[in-house]
Amino acid sequence: MMKTINTTKAPSAIGPYVQGKIVNGFLFASGQVPINPATGEIEATTIEGQTKQVMENITAILEEAGTSFDNIVKTTCFVTDLGQFAQFNENYAAYFGEELPARSCVQVAGLPKGALVEVEVIATVK
């Protein structure tokens with residue numbers, strides 16, 4: 001059985017996808033870009049600000065699914081400039097405790113709406 005996750009506390013999908021799906025005890029969350037769900041716009045202009053908004057969007061999806069950062073097992077991170085890797089890491093890491101997830105992080109040529117960062121997660125759900 002699959003359950004679709006949808007919350008107004010994270011941006012609505014900007015394409016033919018959903019915010020997340022719960023399947024067999026796992027949340028598969030779509031990649032989040034730094035859109036402010038209240039305005040529908042990317043407001044932050046720095047990697048630090050955009051990473052914070054992305055992680056807040058992920059927080060909302062995790063909460064809607066009944067899970068948390070403690071239960072994330074894997075993230076995939078996309079950045080447009082690996083030269084800002086340290087700044088991304090600092091803001092990303094602030095959302096995790098001692099148990100860090102597995103992760104991939106790659107530089108990409110571009111992201112939706114001109115974003116500097118996108119993060120998707122897989123988490124366990126009780």
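**Two helices on a mixed sheet**

Colleague: At what angle do helix H1 and helix H2 pack, and how far apart are their axes?

Modeller: In this predicted model, H1 (residues 47–65) and H2 (residues 85–93) pack at an angle of about 30°. Their axes lie 9 Å apart.

Colleague: What makes this a contact, and which residues make it?

Modeller: The cut-off is heavy atoms within 4.5 Å. H1 contributes Ile47, Glu48, Thr51 and Met55. H2 contributes Gln87, Phe88, Asn91 and Tyr92. By class, the residues divide into four nonpolar, three polar and one charged.

Colleague: Left-handed or right-handed, the crossing of H1 and H2?

Modeller: Right-handed. A crossing gets that name because the near helix is turned clockwise from the far one by less than a right angle. The angle here is about 30°.

Colleague: Now the sheet. How many strands form it, and in what order?

Modeller: Six strands, in the order E1-E2-E3-E8-E6-E7. The sheet is open. From one strand to the next, the twist averages 10°.

Colleague: Why do E1 and E7 count as edges?

Modeller: Each has a single partner strand, so one side of each is left without a neighbour in the sheet.

Colleague: What do the helices touch on the sheet?

Modeller: H1 touches E1, E2, E3, E6 and E8. Its direction makes about 25° with that of E8. H2 touches E6, E7 and E8. The direction of H2 makes about 145° with that of E7.

Colleague: Why is the pairing called mixed?

Modeller: Strands can pair either parallel or antiparallel. Take both senses in turn. E6 (residues 72–79) and E7 (residues 102–107) pair in the parallel sense. E6 and E8 pair in the antiparallel sense. E1 and E2 also pair in the antiparallel sense. With both senses present, the pairing is mixed.

Colleague: How do you know that E6 and E7 pair?

Modeller: Pairing requires at least two bridges. E6 and E7 have six, so they meet the requirement. In register, Phe78 stands opposite Val106, and Val79 has Gln107 as its bridge partner.

Colleague: And over how many bridges do E6 and E8 pair? E1 and E2?

Modeller: E6 and E8 pair over seven bridges. One partnership there joins Thr76 to Glu120. E1 and E2 pair over four bridges, with Ile5 opposite Gly20. Both counts satisfy the minimum of two.

Colleague: What unit do E6, H2 and E7 make?

Modeller: A β-α-β unit, and its hand is right. The label is given because, with the strands pointing away from the viewer, the path from the first strand over the helix to the second runs clockwise.

Colleague: What makes Cys77 buried or exposed?

Modeller: The limit for buried is under 20% relative accessible area. Cys77 has 0%, so it counts as buried. Cys77 sits in E6. That strand is mostly covered, with six of its eight residues buried.

Colleague: What is Cys77 in contact with, leaving aside its neighbours within four places in sequence?

Modeller: Phe88, Tyr92, Arg103, Ser104, Cys105, Val106, Glu118 and Val119. Take Cys105: it is 28 residues from Cys77 in sequence, yet 4.5 Å away in space, C-alpha to C-alpha.

Colleague: Why is Gly31 called buried?

Modeller: Its relative accessible area is 16%. The limit is 20%, so Gly31 falls under it. Gly31 belongs to strand E3. Not counting residues up to four places away in sequence, it touches Glu118, Val119 and Glu120. Its C-alpha is separated from that of Cys77 by 8.4 Å, and the two are 46 residues apart along the chain.

Colleague: Where is Asn24, and is it buried or exposed?

Modeller: Asn24 is in the loop between E2 and E3. Exposed means over 50%. Asn24 has 69% relative accessibility, so it counts as exposed.

Colleague: What about phi for Asn24?

Modeller: Phi is positive, about 50°, although Asn24 is not a glycine. Most residues other than glycine have a negative phi. Lys113 also has a positive phi, about 60°, and is not a glycine either. Lys113 is placed in the loop between E7 and E8.

Technical notes. Residues are numbered from 1 along each chain as its sequence is written. This is a predicted model: local features need pLDDT of at least 70, side-chain atom pairs count only at pLDDT 80 or more; totals for chains, interfaces and linings use all residues. Side-chain values use heavy atoms; hydrogens and water are left out. Axes are lines fitted to C-alpha atoms, for helices over the stretch in contact, and angles run from 0 to 180 degrees between N-to-C directions. Ala, Val, Leu, Ile, Met, Phe, Trp, Tyr, Cys and Pro count as nonpolar, Asp, Glu, Lys and Arg as charged, and the others, Gly among them, as polar. Buried means under 20% relative accessible area, exposed over 50%, partly exposed in between (1.4 Å probe, protein chains only).
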